[in-house]
Amino acid sequence: MPVGEEFFNRKRKELGVSLNDVQKRAVLNIEGPLLLLASPGSGKTTTLIMKIGYLIEEVGLEPARIKAVTFSNASANDMKERYQRFFPTLPPVEFSTIHSLAFQVVREYFYKKQIQYHIIEGSDPSRFNKKLLLRDLFKAVNHKSITDEQLEELLTYISLIKNKLVPQDKWSTISCDVPNALQIFQKYERFKRSGTDQLLVDYDDMLTIANQAFGKDHAILAKYQQKYDYLLTDESQDTSFVQHAIIEKLVQKHQNLCVVADDDQSIYSWRAAEPQYLLNFQKVYPDAQILMMEQNYRSSQDIVSVANTFIKQNKNRYNKNMFTENPTHTPITLKTLADYQYQSNYLIDQISKEENLREIAVLYRNNASSILLLDALDKAHIPFYMKDANNRFFSHWIVEDILNFMRLSYDVKRVDIFERIYSKFHLYLKKSHIQQLKRPSHESVFDRLLKSTDLQEWQKEKVKAYQSRYHQMQKKTPFQVILMIREEFGYEKVMKKMSEKLGFKMDYLLEVLNTLEEIAKSTQSMVEFANRLDHLASLLKTSKYNKQQNAITLSTFHSAKGLEFAKVYMIDLIKGVIPTQSEEDQLEEGKSEEMEEAVRLFYVGMTRAKTHLELLSYSKRFGKKVSPSKFVRDVKRIISPEEFQKSHPTKTAIPKNKARQQKNGNADQTNAIKDPAKFLVGLKIKHRIFGIGEITYRTDDTMKIRFEKYSKTLSVDTCLEHGLIEAVDSIS
Ligand code: ATP
Ligand code: MG
């Protein structure tokens, strides 16, 4: 009997899992480096777990001498669960993130060197909290407060530099839109080291310090090298450079390493994932075996064939051909609802019919998508599990403002509340006015302002107007109150000013206010509205404990990586959300990296579904017209090209481009090619931005054009839509 066959037979009987030939080879290949590069649902994680079982049951390795790492804590837990399901009688194996492995090393290294340290992650409001520290430094450098978006961007920038191990003299080559980011980063680094009694350390430092420790302290390196006989890494397409460096050092001696990855599912390049490393794997490990797996066991024929065509629009990838022997089931459903509001109702309608909620997932790009859904699910008593819930919405300053406007109506004498929002009334009050109001009195803040001697007549007129609206407020529903605050109080103007002054994204601010309005619609009093918000916030917090229950999963595309569900609903698939405007703009400028990452993200979402996949978009959102995502159109075209052609007749150039056209000194685009069939290899063309070139390669969706100095791959759709290309002969 061939090696391992007894093990495989036993597992087939015990677990009903019968590995295919490549999977078996991956399990049996236990000496030296192995790269398993494979499509979604091809059994990468399954193979990895089987391999661990094989190493223990057949090769006789001690479980504690095997280390398996993956991208996130949640994924590490998923792997642990799968291992326990497959091998319930075996002792535990260490599943963790590389971060937690690095932390072990750092702890030991600091202990040895007697270095005191303090971790500055988390939300401990002490002075040494990473976010607070960066907020302070931003203010010190830029003399204004940092916005949440800027803070996110700054954190990503710092992570990127650390994870890519960018040397200090090259920091300036990494760009960041946050003003003076480099200076802030330099100060941040200095500050962390400036304490006399302890070193401040963030999560990224743990990786760089562990890597350094391995480089400098040979005893520690040797200890960890001897600790493990075998190392396995899952989801390795999202491993960063410094993480690869740590792993390399760990396995230097025996090189017993199994790396499992799918470059098409690399979705963290903004956080320094290094999928390119996989392409160099054989350079790093010359003895490496590389195995490919393309058969998908997870999804129906319908899903696999569409997803496989969809991902091929990306050019920067290992060319794989995902296929399946699974039967067809249900065609992918594409739904464009008339209005955003119908999306939650539709989902509730669908999900209410289901019994096994654990097999259902609703996936979205941004966490903000979950708030109204949360409201609707709660009303319909449908339990849900949310992996990466955060409180960003409920703690937003707009939510606080609206609640404070409302609170004041219950007691118009409350100066403490008025003080929190006075700058949002268009009264131009000074701090001194508020100080005056703080003197004891039984009158309302408005009456007292009206008596104030240093308010001008026009200010008093406004005070009277606000006062009369506050009289009416108690009789109104919360929805009407928000409308009043928004329009009659001029709150939307306040938001606009704040966005201009402080750099908030106005679109997001409007989203927050619109969402509040929606939640308010079903409440009758302001107290009920405030309680509802409280209730939803706590529901959000506790939803992460619902994992073991019969609950649906709500998740971002990012956090759904590695998971599978019978039914998947991908929601909010509209232009601007996926792809984002910036991803589209980058592509138009000829930079395709961001768009390719968005394509991969969409692909990760689609490939989570086993039998039923629905893509939801809509034509209107909060009264504004919106268009379905380009990716939904791509899928539509893949599923039924003829129908797509009928509903999307060949496009002509649109007016939006007039401005750019004029900027480029070419006011007439009537000669632009409007028929995609004319983009033939060999055709000499003139591109409105890049100039004269020749088409050298063509697929359904893209074409490669050689210009004078470089070649570019351009989207056929974009070129048609914007009338970017003329045949050279037609240029006079
Ligand atoms: P992802 O890329 O999404 O992480 P993956 O490659 O890790 O996917 P798995 O999650 O291991 O794939 O497997 C996907 C599904 O296919 C699972 O339900 C698993 O049980 C099943 N599967 C894997 N290999 C086989 C096989 N040889 N025969 C039958 N089913 C299999
Ligand atoms: Mg997996």
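**Exercise 1.** In this predicted model, find how many residues surround ligand 1, and name the closest of them.

*Solution.* Counting the residues around the ligand gives 20, and the closest are Gln23, Lys44, Thr46, Glu564 and Arg608. Sorting this shell by class then gives 3 nonpolar, 11 polar and 6 charged residues. Looking next at secondary structure, we find that helix α3, which spans residues 44-57, gives the most to the shell, with 3 residues.

**Exercise 2.** Determine which domains give residues to the shell around ligand 1, and where the ligand therefore lies.

*Solution.* Residues of the shell come both from domain 1 (5-101 + 208-295) and from domain 3 (333-383 + 550-647), and the ligand therefore lies between these two domains. As for pockets, ligand 1 sits in the second largest one.

**Exercise 3.** Describe the polar contacts that oxygen atoms of ligand 1 make with Gly43, Thr45 and Arg608.

*Solution.* A pair of N or O atoms counts as a polar contact within 3.5 Å, and we can take the three residues in turn. For Gly43, a backbone N or O atom lies 3.1 Å from an oxygen atom of the ligand. For Thr45, a side-chain N or O atom is 2.8 Å from a ligand oxygen, while for Arg608 a polar side-chain atom lies 2.7 Å from an oxygen atom of ligand 1. Of the 630 Å² of accessible area that ligand 1 has on its own, the protein covers 85%.

**Exercise 4.** Locate the cis peptide bond from Ile578 to Pro579.

*Solution.* This bond has omega near -10°, and Pro579 lies in the loop between β13 (565-570) and α26 (581-588).

Notes:
Residues are numbered from 1 along each chain as its sequence is written. Chains are lettered from A and ligands numbered from 1 in the order in which they are written. This is a predicted model: local features need pLDDT of at least 70, side-chain atom pairs count only at pLDDT 80 or more; totals for chains, interfaces and linings use all residues. Side-chain values use heavy atoms; hydrogens and water are left out. A residue is near a molecule or strand if one of its heavy atoms lies within 4 Å of it. A polar contact is a pair of N or O atoms within 3.5 Å; within protein, one must be able to donate a hydrogen and the other to accept it, and residues adjacent in sequence count only if both atoms are side-chain atoms. Accessible areas come from the Shrake-Rupley method with a 1.4 Å probe; for residues, only the protein chains shown count as cover. On a 1 Å grid over the protein atoms alone, a cavity is a set of points where a 1.4 Å probe fits but cannot get out, and a pocket is an open set with protein on both sides within 12 Å along at least five of seven lines; lining residues have an atom within 4 Å of a point. A molecule sits in a cavity or pocket if more than half of its atoms lie within 2 Å of its grid points. Helices (H or I, at least four residues) and strands (E, at least two) are DSSP runs, numbered from the N terminus. Ala, Val, Leu, Ile, Met, Phe, Trp, Tyr, Cys and Pro count as nonpolar, Asp, Glu, Lys and Arg as charged, and the others, Gly among them, as polar. Domain bounds come from an automatic or database domain assignment.
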